[in-house]
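Please look over the sequence and the model below before reading on. The paragraphs after it lead from a helix to a sheet and then to the spaces inside.

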Amino acid sequence: MAHVRSLFFDGPLTEVENKSVAAYKLGRPSEVIWNITNRCNLLCEHCYMAADGHALPDQLSDEETIDLVDQMAASGVPLLFLTGGEPFMRPNFWEILARAREHGIRVTISTNCTFIDRDVAKRLKEHGIGYIGTSLYGPADFHDDMVRVPGTRDRVVEAIKILREEGVGVALKTAVNTDTWPHIYDLIQEAKDLDCGLIYLCDLIVSGRSEGEEDGRITADQWRELADFIADDIIDPESKLEYDIGAMPSFIPYVAEKLIARGYDLSRGLERLKIMSACPVGKGHMNINSEGGVMPCQFAQDWTVGNIKEMSLAEATRELFKLADTPTTGICAEENCEYAQICRGCRVKAFHEYDDPFGQDTTCILKSAGDKVLHTSRHESPSAALPCSGPVCG
């Protein structure tokens, strides 16, 4: 994950970025992403967990979840992401949320929004929720086919409007693949039109229901086209939208090169990246699944360093920090890439491709060449990808 605007300039998440860095420097988790349940009422075709309506038999008990929140508070966790599956399907969801608020932990919720109405939105605001993240993939029929439940997109859009009316921020999320690619620029504009503060664009992760679907990834040329578009947008004084890029850490040095060439001073962001690289594995980033497994990244549910039932959060933190000391190889090795320390490549992609989390990231958009470009119907060429305009949020 990398918040592009807030990393290089003063953006809406600069304060959060600073708190994460401070926690990491103190040897604490910089953030925790917690899949509190594997259950979900949707069946998204690209779901990295293959979540469905069934809870895993060994999921954490209610008592264990509350104890875990207490441990997070004792460890000084500054930011907690509650996700699933669909987190609202966890029976003690509100108890977990209340406990985190009691400890003063900042919480963000990733939800499909189908459980959110006016009363729920008000309750989230009362619990101090500043942001929820929710997904859109394209037009109504396309989106509903992707999640396999008719009528879902209309419910999501209505929930977003309610949340904004109640003062809860919204991060719009989408998977970037060959199916969604024709809709990406429209989704960016829709994020602005719906008064969302952030859009999360994540490369396809080939696990869960998308295992073995590497051909579903867009090309490096298409990622470069998108990066050029975003670089233009974040320097547009009329635009305030934050961009969060998932599973594509090479995006950050690519955009940095573009902005430096235009004369922008990015020294602050580049110094931060020397501390916490664009791929957060081993850099304070912690993920916990519904069964208590501690993972370096949520996108690799089978890559764990232990289980919170058998180790303390402090012990888990130490195990994760060790991963930062292992050198990367191939095109991601220091001798082969000047950005090895600030990017590190996507460790999960290496894990999935080579069964070696420190192997090379073959999706790097700096090192690849000769990619075939499949342009969207909206943009005839990469140079036509001009900055969006329209209503934005502060």
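What covers the buried residues of helix H12? The model is a predicted one, and in it the cover includes helix H3 (62–74), strand E8 (285–288) and strand E9 (293–295). Helix H12 itself spans residues 313–322, and its buried residues are Leu313, Ala316, Thr317 and Leu320. These four lie on the same side of H12, because they cover an arc of only 105° around the axis. A general rule helps here: an α-helix has 3.6 residues a turn, so residues three or four places apart point the same way.

Two of the strands that cover H12, E8 and E9, also belong to a sheet. This is an open sheet of ten strands with mixed pairing, in the order E7-E6-E5-E4-E3-E2-E1-E8-E9-E10. Its edge strands are E7 (242–246) and E10 (306–307), each of which pairs on one side only. In general, strands of a sheet pair through backbone hydrogen bonds, either parallel or antiparallel.

Strand E4 serves as an example from this sheet. E3 and E4 run parallel and are joined by three bridges. Ser110 has Gly133 in E4 as its bridge partner, and Thr108 stands opposite Tyr131 in E4. Is E4 enclosed or open to the outside? Five of its five residues are buried, so E4 is largely enclosed by the rest of the structure. Tyr131, Gly133 and Ser135 point one way from the strand, while Ile132 and Thr134 point the other way. Residues on both sides of E4 are buried.

The next topic is the empty space in the model. There are five cavities of 30 Å³ or more, and the largest cavity holds about 1000 Å³ of space. It is lined by 48 residues, of which Thr83, Ser110, Ser135, Lys173 and Tyr200 are the closest to its centre. Ser110 is the residue whose bridge partner in E4 is Gly133, and Ser135 is one of the buried residues of E4. Several elements each supply at least two residues of the lining, among them strands E2 (79–83), E3 (106–110) and E4 (131–135) and helices H6 (140–147) and H7 (152–165). By class, this lining has 26 nonpolar, 16 polar and six charged residues.

The model also has pockets to consider. About 220 Å³ of space lies in the largest pocket. Of the 15 residues that line the largest pocket, Val206, Ser207, Glu211, Asp302 and His352 are the closest to its centre. The lining of this pocket has six nonpolar, five polar and four charged residues.

Methods:
Residues numbered from 1 in each chain as written. Predicted model: local features only at pLDDT ≥ 70, side-chain atom pairs only at ≥ 80, totals over all residues. Heavy atoms only, no water. Buried < 20%, exposed > 50% of the residue type's maximum accessible area, 1.4 Å probe, protein only. Arc of directions from axis to C-beta. Contact = heavy atoms within 4.5 Å. 1 Å grid on protein atoms, 1.4 Å probe; cavity = no way out; pocket = protein on both sides within 12 Å on 5 of 7 lines; lining within 4 Å. Points joined across faces, edges and corners; volume = space filled by probe spheres on them. Nonpolar A, V, L, I, M, F, W, Y, C, P; charged D, E, K, R; others polar. Pairing = 2+ DSSP bridges.
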